[in-house]
Amino acid sequence: MRTNLEIVQECDNFPYPNLTNNTAYTKAIEPLWLFFLPDDLEPHGFLIQSVVDRMPWTPSFRLIPESKQVHLLKYPGRKEWQTACNEAIDELLDLTRAKKAFPRLGKKRDEKFPIVGAKFDIGIERSAMSLFGIIGQGAHMTVYTRTSLGEMKFWIPRRNANKSTYPNMLDQAVAGGVAQGETPFECIVREAGEEAALDEEVVRRDVVAAGTVTWFNVSDEKAGGEVGLMNPGVLYVYDLEVGREVVFKPVDDDIQAFHLMSVDEVRDAMRNGEFKPSCAAVMMDFFVRHGFITAENEVDYVEIVSRLHRKLPFRTSPGF
């Protein structure tokens, strides 16, 4: 059975720099390539060597092996170069699929997510973000109710067994990726309707923004894509208390069923590895914020809180 710190570490599993022994961090960081956008001295992603080797790079990208850098080119003088940059990424991914360079990439979807921290509006398909090691953005909402005795209980969905990512695992009641041009709050409102059939007016009125959870994860088999990809991420977290009369039921095929679980049942499920790692991190953050995990009952309290709010490796705002 996992400790609370081990639950957090499953999501935030990239090594940290260490003042006395940097071996693990150096071993992990040295092989990585950096991904750059035009007119920007700061990188926006980490690529692993096997991705660099297998990617069918087009002339819109320049590789610098000596410094392990991949640059998306601007083509000076070309009109609408920002649009051209978006098109260049699309063309590369179309070619990647045509050549079947990454069989697990999946079908093309008309769903783009922003390259976080970019100085212009540029997006990338969600399924390809991990190939470039770009910061992923999501929004998760923990939904709970209270019994007549005041005990807090959570509406927790179990993902379907046929899901390509984290099949059969427990999740947040409402969760989704923040799409290009969308705010985290609007993402929650949209997903609440799509995934849980929650009334938009109720969500807008009652939801409580509760900060962020961040991590740096190296993907494994359960993630459904290529193994070993770099996944820095930020989740905007929200809480929603609903009445005892509200009953959650699956809206689509992504969810098997919703379960109303007590604090102890959620805690045990996390310790048994039943939660999707990022969702477990969000639940841990909820437990900290609501006083279920404290410095008095958790020896690793400071480490847990720190790991739930890791400083990400790339810029998270344009920083003009």
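## Close-up legends

**Asn168, a loop residue with positive phi.** Asn168 is partly exposed, at 38% relative accessible area; here buried means under 20%, exposed over 50%, and partly exposed anything in between, using a 1.4 Å probe and protein chains only. The residue sits in the loop between strand S8 (152-159) and strand S9 (174-177). Helices (H or I, at least four residues) and strands (E, at least two) are DSSP runs numbered from the N terminus. Phi of Asn168 comes out near 65 degrees, positive although the residue isn't glycine.

A quick word on the model: it is predicted, so local features need pLDDT of at least 70 and side-chain atom pairs count only at pLDDT 80 or more, while totals for chains, interfaces and linings use all residues. Residues are numbered from 1 along each chain as its sequence is written, and side-chain values use heavy atoms, with hydrogens and water left out.

**Asp39, in the loop between S1 and S2.** Phi is positive here too, near 55 degrees, in a residue other than glycine. Asp39 counts as exposed, with 54% relative accessibility.

**The two domains and where they meet.** The domain assignment (bounds come from an automatic or database assignment) splits the chain into domain 1 (4-13 + 135-307) and domain 2 (23-132). Their C-alpha centres are 29 Å apart. Contact, meaning heavy atoms within 4.5 Å, links 17 residues of domain 1 with 21 residues of domain 2. About 1,600 Å² is buried between the two, with 56% of that from carbon and sulfur atoms; buried area is the accessible area (1.4 Å probe) that two parts lose on being put together, summed over both. On the domain 1 side, Gln180, Glu226 and Met230 lose the most area, together 40% of what that side buries.

**The largest nonpolar core, with Phe35 and Phe132.** A nonpolar core is a set of buried Ala, Val, Leu, Ile, Met, Phe, Trp, Tyr and Cys residues joined through side-chain atoms within 4.5 Å. This one has 43 residues, and Phe35 and Phe132 touch the most other members. Elements supplying at least two residues each include strand S1 (33-36), helix H3 (49-54) and strand S11 (230-241), but the largest share, six residues, comes from H4. Both domains give residues to this core, so it lies between them. Leaving out residues up to four places away in sequence, Phe132 touches Phe35, Gly45, Phe46, Leu47, Met55, Trp57, Leu92 and Ile124. A second, separate core has 32 residues, among them Leu170, Val213, Trp215 and Val266.

**Ser278 in helix H9 (residues 277-289).** Ser278 counts as buried, at 9% relative accessibility. Beyond its neighbours within four places in sequence, Ser278 contacts Cys11, His140, Trp215 and Leu235.

**Cysteines without a disulfide.** With a disulfide taken as a pair of cysteine sulfur atoms within 2.5 Å, the count is zero. For Cys11, the nearest cysteine sulfur is that of Cys279, 8.9 Å away. Cys11 is buried at 3% relative accessible area, and Cys85 is buried as well, at 0%.

**The annotated stretch, residues 134-283.** An unreviewed UniProt entry carries the annotation "domain: Nudix hydrolase" over these residues; UniProt positions are given in the numbering used here, feature names are shortened, and annotations may be inferred rather than shown by experiment. Across residues 134-283 the chain is 24% helix and 36% strand, and the end C-alpha atoms are 24 Å apart.
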